[in-house]
Amino acid sequence: MDPVFRPVVDPTFAVAAIAFVVGGAALGTISGLIPGLHANNFALVLAGAAPSIPADPLLVGCAMLGAGVVHTFLDIVPSLSLGVPDAAMAVASLPGHRLVIAGRGREALRLSAVGSGLAVLLAVPLAIPVTWVMIHAYPTIRANIGIVLAAVVGFLLVTESSRRAAVAGLGVFLASAFLGSVTLDVDPNAPLSTGGMLAPLFSGLFGAPVLIDAIDGAGVPPQSDARIAMDRRPLGITAAAGSFAGAIVGYLPGVSAAIAATAAIPVVPRSDADRGFVVATSGASTSNTVFALFALVALGVPRTGVMVAIEEVAVPLALPVLLAATALAAGIGFCVLLLVGDAYLRIVGRADYARLSLGVLTFLVGLSFLFAGLVGVGTLVVAAALGLVPPRVGTRRVHLMGVLIGPLLLGS
């Protein structure tokens with residue numbers, strides 16, 4: 001599809017566009033706050049329902065984009081609130097959970113909001129030079145995608161804390177690559193026609209193991225004030241690094257925001273490593289979503305589920321309209337995160353944590369069944385078993401992204 005430059009001068013269209021963005025933002029809020037759901041799921045549902053929606057496809061695209069952007073702001077909330085292990089396991093836990101254990105969960109929410117917000121602000125000045133470079137470099141990257149992805153894997157391994165951790169990381173990568181190669185192309189007989197294997201794979205690899213490890217945990221302890229303790233300079237540098245890394249991976253297949261955040265971590269002072277990881281991950285995630293739009297417009301290549309849905313609906317690529325929708329959705333996401341994040345932490349902190357963890361695990365099983373049927377449930381179980389491995393062998397969970405990168409390497 002060729003990009004369409006359609007200035008919004010029609011007040012009726014402008015009001016309708018705002019309404020659709022708000023509706024999409026509501027879907028992104030739901031997907032962001034419910035563990036295991038992703039904006040891609042709602043985008044694909046909208047794509048399936050689009051033919052029956054009596055509206056301009058561009059408006060439907062605004063809703064999809066609004067859902068995707070808001071999701072990247074809010075998915076930090078269940079990530080921080082659920083799966084918090086016992087304090088004795090803090091060393092092996094996720095950076096955000098270590099902040100929650102230390103009573104700094106409210107600060108972590110604001111660090112995430114800053115990271116995502118700055119990512120959107122930086123996207124505008126970064127868009128033209130990064131897109132120009134990628135347009136010229138993409139033919140070479142596409143011709144050598146195997147080498148590029150192998151370099152990404154090598155980078156993740158050499159940045160591990162020790163040789164033993166790197167070897168363990170390679171084993172985790174190979175195991176997850178095998179899992180992806182045998183499951184990603186499965187066409188499941190599922191209740192929802194817009195499902196797929198990604199939901200059980202990612203819920204199993206990254207969601208269920210954290211919840212299983214946290215069943216015996218003490219849950220969310222009382223949280224102290226929300227003041228950001230990270231100095232402004234490293235905060236800004238980390239957010240910029242995460243945003244830039246997210247911009248680059250927005251053009252690369254199989255490379256996640258977590259990998260982008262890992263690439264940005266070397267610029268973070270060691271004393272602020274946990275805070276920096278939260279900022280970088282949030283910035284990379286939001287930046288990835290924004291630049292996936294530029295990748296679709298400039299290269300005609302959809303890099304996220306939301307962009308795949310936008311392409312399926314044949315949304316006119318009116319960049320000014322879609323960027324305005326992105327900016328509005330980012331503002332909504334920032335405000336909603338600050339409004340509901342603290343309450344979410346507080347409510348989860350008062351709950352019976354073992355029952356809550358088991359309840360969320362049951363929900364993930366049900367979600368896997370809806371999107372991928374009984375095959376999805378079996379995949380969830382296998383993926384969860386694999387997802388338990390990295391912290392037990394002293395390596396990072398990011399190597400589990402082999403589930404996507406491995407099959408791409410095999411096919412390159």
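This section describes helix α9, the second largest pocket and the cysteines of a predicted model. Residues are numbered from 1 along each chain as its sequence is written. Local features need pLDDT of at least 70, side-chain atom pairs count only at pLDDT 80 or more, and totals for chains, interfaces and linings use all residues, while side-chain values use heavy atoms, without hydrogens and water.

Helix α9 covers residues 198-214 (helices are DSSP runs of H or I, at least four residues, numbered from the N terminus). Its end C-alpha atoms lie 23 Å apart, in agreement with the 24 Å expected for 17 residues (1.5 Å times one less than the number of residues). At Gly 204, α9 bends by about 45° (the angle between axes fitted to the seven residues ending there and the seven starting there). Twelve of the 17 residues of α9 are buried (under 20% relative accessible area, with exposed over 50% and partly exposed in between; 1.4 Å probe, protein chains only). Gly 204 is among them, as are Pro 200, Pro 209 and Asp 213.

No disulfides are present (pairs of cysteine sulfur atoms within 2.5 Å). The sulfur of Cys 335 is 19 Å from the closest cysteine sulfur, that of Cys 62, and therefore too far for a bond. Cys 62 is buried, with a relative accessible area of 1%, whereas Cys 335 is partly exposed at 43%.

Conventions: Helix = DSSP H or I, 4+ residues; strand = E, 2+ residues; numbered from the N terminus.
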